[in-house]
Amino acid sequence: MPQQVNRSYSRRRRKSRFPYFAILLTLALLVITVAIVFMTQCSRPKSDQTPSQISSAGTDSSVSDVSQASSTSSTIDPSQAASSASEASLPSSAASSASSGGTITSSPTTPVNGVVPTGAGTGLGYKSSDWRLRIPNIDSPIEEDEIPELSTIESGGSGKFYLDSRAADDFDAMMAAAKKDGMNLYVSSSYRTPEYQKNLFEKRVKAAMANGENRAEAENTVAKETARPGTSDHMLGLAVDFNGVKNAFKDTKEYDWLIEHCAEYGFILRYPEDKVDITKVSYEPWHYRYVGKEHAAVIMEKEICLEEYVQDLG
Ligand SMILES: [Zn+2]
């Protein structure tokens with residue numbers, strides 16, 4: 001009898017233990033589930049934070065962020081230089097958003113301060129703030145630290161010459177086409193550093209002063225043919241002088257060829273003979289300026305100068 005009791009007792013115990021283990025098992029599963037959910041939730045914000053953490057830590061991803069920012073700013077810089085100071089804030093804001101780990105949302109096709117840059121697929125919606133239409137002058141000089149991204153160009157002769165990288169391919173194509181048509185074009189001047197332009201202007205002012213002009217007179221005289229520091233197309237890396245910078249160039253077949261074909265490659269005759277009162281610069285048959293094919297086609301077709309064209313755009 002006691003044995004039976006014992007047996008039934010032990011059976012009861014075994015019976016009563018069973019739900020206890022089930023509860024333990026359920027609890028354990030619950031804990032595991034909670035742990036999994038917790039880990040999943042934790043890992044989500046972590047993956048969001050990763051770019052900023054990595055970028056501030058200076059790993060590869062940050063390098064690509066920074067290079068993206070610098071390429072954005074170097075691409076935009078000259079164009080922004082072309083316009084107002086408020087627009088010039090774009091590269092720095094893009095750079096700061098990159099340094100804080102944010103995604104750069106601004107692109108050359110995004111409206112900035114209400115201005116839609118070209119290439120935005122807006123057809124004829126060009127604005128005078130287009131980098132290709134930049135007219136540096138005394139009121140809006142090129143800053144000394146504004147250096148465009150440069151590429152070497154086909155010079156047609158000896159020496160290394162540079163243009164803004166965005167104009168270089170079109171220029172090389174123009175040189176190749178000219179050569180194919182039997183033209184002998186060679187570059188005499190293209191991109192100039194701010195220092196070079198400053199020294200060039202100063203040298204010529206001193207020469208004019210040596211001829212008896214006072215400083216102001218000398219500057220005005222020289223400015224008709226040599227741009228004041230900060231106001232030269234050459235400093236933008238968008239201008240080229242051909243074949244020795246001579247007035248006689250206008251009587252050559254190379255000049256005729258350029259007048260006929262330069263627009264096909266995005267270039268214009270920058271200082272036409274009949275526009276001196278507007279450009280305030282003497283006729284320069286040797287000086288060509290990159291403005292892009294769309295603009296060049298209109299300017300050369302209508303035989304207007306860049307100032308007139310930009311004024312029409314508003
Ligand atoms: Zn020139």
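# A four-stranded sheet and its nonpolar core

In this predicted model, the mean pLDDT of the protein is 72, with 59% of the residues at 70 or more. Residues 1-13 have a pLDDT below 50, and this stretch makes zero contacts in the model beyond near neighbours in sequence. The pLDDT is also below 50 over residues 42-124, yet that stretch has 83 contacts beyond near neighbours in sequence.

The protein contains 11 helices and six strands. Of its 314 residues, 30% count as buried. Among the contacts with a separation of 6 or more, 63% are between residues 24 or more positions apart.

The description may begin with the sheet. Four strands form an open, antiparallel sheet in the order E3-E4-E6-E5. Strands E3 and E5 (267-269) stand at its edges; each has a single partner strand, so one side of each is left without a neighbour in the sheet. Direction ignored, neighbouring strands of the sheet are turned by 40 degrees against each other on average. Strands of a sheet pair through backbone hydrogen bonds, in either a parallel or an antiparallel manner.

Strand E4 (residues 239-242) can be followed through its pairings. On one flank, two bridges join E4 to the antiparallel strand E3 (residues 187-189), and Ser 189 stands opposite Asp 241 in E4. Three bridges join E4 to strand E6 (residues 287-290), again in an antiparallel arrangement; here Ala 239 stands opposite Arg 289 in E6. Both faces of E4 are covered: Ala 239 and Asp 241 are buried on one side, as are Val 240 and Phe 242 on the other.

Beyond E4, the chain enters the loop that leads to helix H8 (253-261), where Phe 249 lies. Asn 243 is found in the loop between E4 and H8 as well. With 21 C-beta neighbours inside 10 Å, Asn 243 counts as buried, because the threshold for burial is 20 or more. Asn 243 is not a glycine, but it has a positive phi of about 45 degrees. Most residues other than glycine have a negative phi. Phe 249 has 19 C-beta neighbours inside 10 Å and therefore counts as partly exposed. Leaving aside neighbours within four places in sequence, Phe 249 is in contact with Phe 242, Asn 243, Tyr 255, Pro 285 and Trp 286. One of these partners, Trp 286, is 37 residues away along the chain, and its C-alpha atom is separated from that of Phe 249 by 6.5 Å.

A further positive phi is found at Lys 280, about 65 degrees, although this residue is not a glycine. Lys 280 is placed in the loop between helix H9 (276-279) and E6. Because it has 13 C-beta neighbours inside 10 Å, Lys 280 counts as partly exposed.

The sheet strands also contribute to the interior. The largest nonpolar core has 40 residues, and those with the most contacts inside it are Phe 171, Cys 262, Phe 267, Ile 268, Tyr 288, Ala 296 and Leu 306. The elements that give two or more residues to this core are helices H4 (165-180), H7 (233-236), H10 (293-302) and H11 (306-313), together with strands E4, E5 and E6. Helix H4 provides the largest share, six residues. The surroundings of Phe 267 illustrate the packing: not counting residues up to four places away in sequence, Phe 267 touches Met 174, Cys 262, Tyr 288, Arg 289, Tyr 290 and Ala 296.

Helix H10 deserves separate attention. Which residues of H10 are buried? They are His 295, Ala 296, Ile 299 and Met 300. These residues cover an arc of only 115 degrees around the axis, which puts them on the same side of H10. An α-helix has 3.6 residues a turn, so residues three or four places apart point the same way. The cover over the buried residues of H10 includes E5 and H11. On the face of H10 turned away from its buried side are the exposed residues Glu 301 and Lys 302. Glu 303 follows H10 and has a positive phi, near 55 degrees.

Definitions and conventions:
Residues are numbered from 1 along each chain as its sequence is written. This is a predicted model: local features need pLDDT of at least 70, side-chain atom pairs count only at pLDDT 80 or more; totals for chains, interfaces and linings use all residues. pLDDT is the predictor's confidence in each residue, from 0 to 100. Two residues are in contact if their C-beta atoms, placed from the backbone, lie within 7 Å. A residue is buried if 20 or more other C-beta atoms lie within 10 Å of its own, exposed if 12 or fewer, and partly exposed in between; C-beta atoms are placed from the backbone. Two strands pair if DSSP finds at least two bridges between them. Axes are lines fitted to C-alpha atoms, for helices over the stretch in contact, and angles run from 0 to 180 degrees between N-to-C directions. A nonpolar core is a set of buried Ala, Val, Leu, Ile, Met, Phe, Trp, Tyr and Cys residues joined through C-beta atoms within 7 Å. The arc is that of the directions from the helix axis to the C-beta atoms.
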